[in-house]
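Welcome, and thank you for taking a look at this model. The report below walks through the fold, the pocket, the ligand and a few loops.

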Amino acid sequence: MATEPQLAVVATEPAEGPPLVGILMGSQSDMDTMAGAAKELADRGIEHEVRVLSAHRQPDEVAEYARSARARGIRVLIAGAGLSAALPGVVAAHTELPVIGVPLSSRLSVASGLDALLSVVQMPPGVPVAAVGLDNARNAGILAARIIDTSMPSGGRPTAVA
Ligand code: RP5
């Protein structure tokens, strides 16, 4: 049976220190799905923080979070949203950090999540969002870990790579 390769393990000790990845989502109702990203980071010992912030309901807070993230030590942002799914793009508009967008299915979707997928993917030139598949928060966590691994192989900490 094929096993998944062990990828982007940057620390063998429990995570500690400031968060390197920020996980955002547009609603508390997104939490169960977005937990997949947090689990992948936790499994790799990568510090992360989780925030529920809506681009439409809390636009000022989203902008402030995105603008200040890099100065706080965040290196990658993951943003999940459903429906018109503006959050990843709005975050990308306010930061030069890499942003991974997770399009989420929603009970109110008129196209089984295709609306969110297109909202996340169809960014204008010059404002990139790296999109993963519908509801695939796990892949966002793995991708964030790989970005961290290539940019700071020890995860910013003097721990051995497994
Ligand atoms: C989006 O609308 C959220 O990201 C969520 O996926 C969807 C529904 O939000 P709630 O009505 O459950 O708060 O903004």
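## A loop serine to start with

Does Ser-112 count as buried or exposed? Its relative accessibility is 64%, and because the cut-off for exposed is over 50%, Ser-112 counts as exposed. Please keep in mind that this is a predicted model.

Ser-112 sits in the loop that runs between strand E4 (99-104) and helix H4 (114-121). Its backbone also deserves a look: phi is positive, at about 55 degrees, although Ser-112 is not a glycine.

## The fold as a whole

Stepping back, the protein chain has five helices and five strands. Followed along the sequence, they give the pattern β-α-β-α-β-α-β-α-β-α. The protein chain holds 162 residues, and buried residues make up 43% of them.

## The largest pocket

How much volume does the largest pocket have? The value is about 450 Å³. Its lining takes in 22 residues, and those closest to the pocket centre are Ser-27, Ser-29, Asp-30, Gly-82 and Leu-83. By residue class, the lining divides into eight nonpolar, ten polar and four charged residues.

Leu-83, one of those closest to the centre, belongs to the loop between strand E3 (76-82) and helix H3 (87-93). Leu-83 counts as partly exposed because its relative accessibility is 33%. Its phi is near 55 degrees, a positive value in a residue other than glycine.

## Around the ligand

Which residues are found around the ligand? They are Gly-26, Ser-27, Ser-29, Asp-30, Arg-57, Ala-81, Gly-82, Leu-83 and Arg-107. Ser-27, Ser-29, Asp-30, Gly-82 and Leu-83 will be familiar from the pocket centre, and they appear around the ligand as well.

If you are setting out the polar contacts, here are three that involve oxygen atoms of the ligand. Asp-30 places a polar side-chain atom 2.6 Å from a ligand oxygen. For Arg-57, an N or O atom in the side chain is 2.9 Å from an oxygen atom of the ligand. Gly-82 takes part through its backbone, with an N or O atom lying 3.1 Å from a ligand oxygen. On its own the ligand has 360 Å² of accessible area, and the protein covers 82% of this.

## Ser-54 and the loop before H2

Arg-57 also has a contact within the protein. The residue on the other side is Ser-54, whose side chain has a polar atom 3.0 Å from the backbone nitrogen of Arg-57. The side chain of Ser-54 also has a polar atom 3.2 Å from the backbone nitrogen of His-56.

Where does Ser-54 lie? Its place is the loop between strand E2 (48-52) and helix H2 (59-69). At 6% relative accessibility, Ser-54 counts as buried, because the cut-off for buried is under 20%.

Strand E2 itself includes Val-52. With 28% relative accessibility, Val-52 counts as partly exposed. Val-52 and Gly-80 are 28 residues apart in sequence, while their C-alpha atoms are 9.6 Å apart in space.

## From E4 into H4

The loop between E4 and H4, where Ser-112 was found, is also home to Leu-108 and Ser-109. Is Ser-109 buried or exposed? Its relative accessible area is 17%, so Ser-109 is buried. Its side chain reaches the backbone nitrogen of Gly-113 at 2.8 Å. Leu-108, in contrast, counts as exposed, with 53% relative accessibility.

Two C-alpha pairs link this part of the sequence to earlier residues. Leu-108 and Gly-82 are 26 residues apart in sequence and 8.9 Å apart in space; Gly-82 is also one of the residues around the ligand. In helix H4 lies Asp-115, which counts as partly exposed at 21% relative accessibility. The C-alpha atoms of Asp-115 and Ser-84 are separated by 6.2 Å, with their positions 31 residues apart along the chain counted as the sequence separation.

How values were computed: Residues are numbered from 1 along each chain as its sequence is written. This is a predicted model: local features need pLDDT of at least 70, side-chain atom pairs count only at pLDDT 80 or more; totals for chains, interfaces and linings use all residues. Side-chain values use heavy atoms; hydrogens and water are left out. Helices (H or I, at least four residues) and strands (E, at least two) are DSSP runs, numbered from the N terminus. Buried means under 20% relative accessible area, exposed over 50%, partly exposed in between (1.4 Å probe, protein chains only). On a 1 Å grid over the protein atoms alone, a cavity is a set of points where a 1.4 Å probe fits but cannot get out, and a pocket is an open set with protein on both sides within 12 Å along at least five of seven lines; lining residues have an atom within 4 Å of a point. Grid points are joined across faces, edges and corners, and a volume is the space filled by probe spheres set on the points. Ala, Val, Leu, Ile, Met, Phe, Trp, Tyr, Cys and Pro count as nonpolar, Asp, Glu, Lys and Arg as charged, and the others, Gly among them, as polar. A residue is near a molecule or strand if one of its heavy atoms lies within 4 Å of it. A polar contact is a pair of N or O atoms within 3.5 Å; within protein, one must be able to donate a hydrogen and the other to accept it, and residues adjacent in sequence count only if both atoms are side-chain atoms. Accessible areas come from the Shrake-Rupley method with a 1.4 Å probe; for residues, only the protein chains shown count as cover.
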